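Welcome, and thanks for taking a look at this one. Below is a short tour of its charged pairs, a strand hairpin, its ring pairs and one aspartate.

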Amino acid sequence: ANTGSSRWFVNHQSSTCVQDCPQGSSVDKSCGGLAQSWNKLHDTALECCSVDLGWIGEQFCVAQSTGVSTGTNLWFVDWIKEACVQDCESSAGSNCGGVVTSSATETFETADSCCENKLGWMEKDDCVAKSTGATPSQRGSFMYYVDWALMKCVKDCEDPSDPHCKGLAEKHDTLYASANTCCSEKLYWLDPAASCVP
């Protein structure tokens, strides 16, 4: 009886790579039946994925093909949380958003690139901090911008111990290295200048 070569070929129906071995004859979930003469065979799942399923992320393709996936640890967007999360089991860590099960889910090497590509309307530093679980005292640029409701130049941060921190700047806010520059550029009519900061 033909037991197959155990090499890998594409199953176009599932968009995965499967092994050339009889289905159901093994505890190996990756057996996809015996390859036909027209199936292009590869030595590894990785080779099959990269050559014949190149539009799918390699790590995702290999994980789906081998049936061994605890996630790739790559980043993807969680639209509900408006943050990027990692492709790993939710119980594995605070940044884990569950294991990706769809090849349509776009993944990224870093939280930074996920934020930039998927949540571009958010301030990137804020998105990365929210995605990685940075504490509020680490968020923001610590530069100054105008809070027009307060009519003051405030610091771009969320540290409650700093009286100048009044929240994170929006993407459209102009940032300045110092309170003095912010005051002289944006709130120049206030006298004395000291009333320009909280």
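Lys-118 is partly exposed, because its relative accessibility of 25% falls between the limits of 20% and 50%. Please keep in mind that this is a predicted model. Lys-118 is a good place to start, since its side chain meets that of Glu-106 in a salt bridge, with 3.0 Å from N to O.

**Salt bridges**

- Side chains of opposite charge can pair when their charged atoms come close.
- The count for this model comes to six salt bridges.
- In the pair of Lys-118 and Glu-106, the lysine belongs to helix H3 (residues 111-118) and the glutamate to the loop between strand E4 (83-86) and H3, so the salt bridge ties together parts that are 12 residues apart in sequence.
- Glu-106 has a relative accessible area of 45% and is partly exposed.
- A second salt bridge joins the side chains of Lys-124 and Asp-112, at 3.1 Å from N to O.
- Here Lys-124 sits in helix H4 (residues 124-132) and Asp-112 in helix H3, so this pair ties together parts that are 12 residues apart in sequence.
- Lys-124 is partly exposed at 29% relative accessibility, and Asp-112 is partly exposed at 33%.
- Asp-112 and Lys-124 also belong to a network of salt bridges that includes Glu-116.
- Asp-162 and Lys-155 form a salt bridge through their side chains, with 2.7 Å from N to O, and both residues are buried.

**The E3-E4 hairpin**

- Strand E3 (residues 75-78) pairs with E4 in the antiparallel sense, over four bridges.
- Within this pairing, Trp-75 stands opposite Gln-86 of E4.
- Four residues lie between the two strands of the hairpin, and Glu-82 in the turn has a positive phi of about 50°.
- Which residues of E4 are buried on each side? Ala-83 and Val-85 are buried on one side, and Cys-84 and Gln-86 on the other, so both faces of E4 are covered.

**Aromatic pairs**

- The structure holds two aromatic pairs.
- In one of them, the rings of Trp-79 and Trp-121 have centres 6.4 Å apart and planes at 15°, so the pair is stacked.
- This stacked pair links distant parts of the chain: Trp-79 is in the loop between E3 and E4, while Trp-121 is in the loop between H3 and H4, 42 residues apart.
- Trp-79 and Trp-121 are both exposed.
- The rings of Tyr-188 and Trp-189 have centres 5.3 Å apart and planes at 90°, so this pair is edge-to-face.
- Tyr-188 counts as exposed at 61% relative accessibility, whereas Trp-189 counts as partly exposed at 44%.

**Asp-156 and its surroundings**

- Where is Asp-156 placed? Asp-156 is found in the loop between strand E6 (152-155) and helix H5 (179-186).
- Is Asp-156 buried or exposed? Its relative accessibility is 6%, so Asp-156 counts as buried.
- A polar atom of the Asp-156 side chain lies 2.7 Å from the backbone nitrogen of Ala-169.
- Leaving aside residues up to four places away in sequence, Asp-156 touches several others, including Arg-139, Gly-140, Ser-141, Phe-142 and Met-143.
- Among its other contacts are Tyr-145, Gly-167, Leu-168, Ala-169 and Leu-175.

Key. Residues are numbered from 1 along each chain as its sequence is written. This is a predicted model: local features need pLDDT of at least 70, side-chain atom pairs count only at pLDDT 80 or more; totals for chains, interfaces and linings use all residues. Side-chain values use heavy atoms; hydrogens and water are left out. A salt bridge is a side-chain nitrogen of Lys or Arg within 4 Å of a carboxyl oxygen of Asp or Glu. Buried means under 20% relative accessible area, exposed over 50%, partly exposed in between (1.4 Å probe, protein chains only). Two strands pair if DSSP finds at least two bridges between them. Rings of Phe, Tyr and Trp (its six-membered ring) pair if their centres lie within 6.5 Å; planes under 30 degrees apart count as stacked, over 60 as edge-to-face and the rest as tilted. A polar contact is a pair of N or O atoms within 3.5 Å; within protein, one must be able to donate a hydrogen and the other to accept it, and residues adjacent in sequence count only if both atoms are side-chain atoms. Contact means heavy atoms within 4.5 Å.
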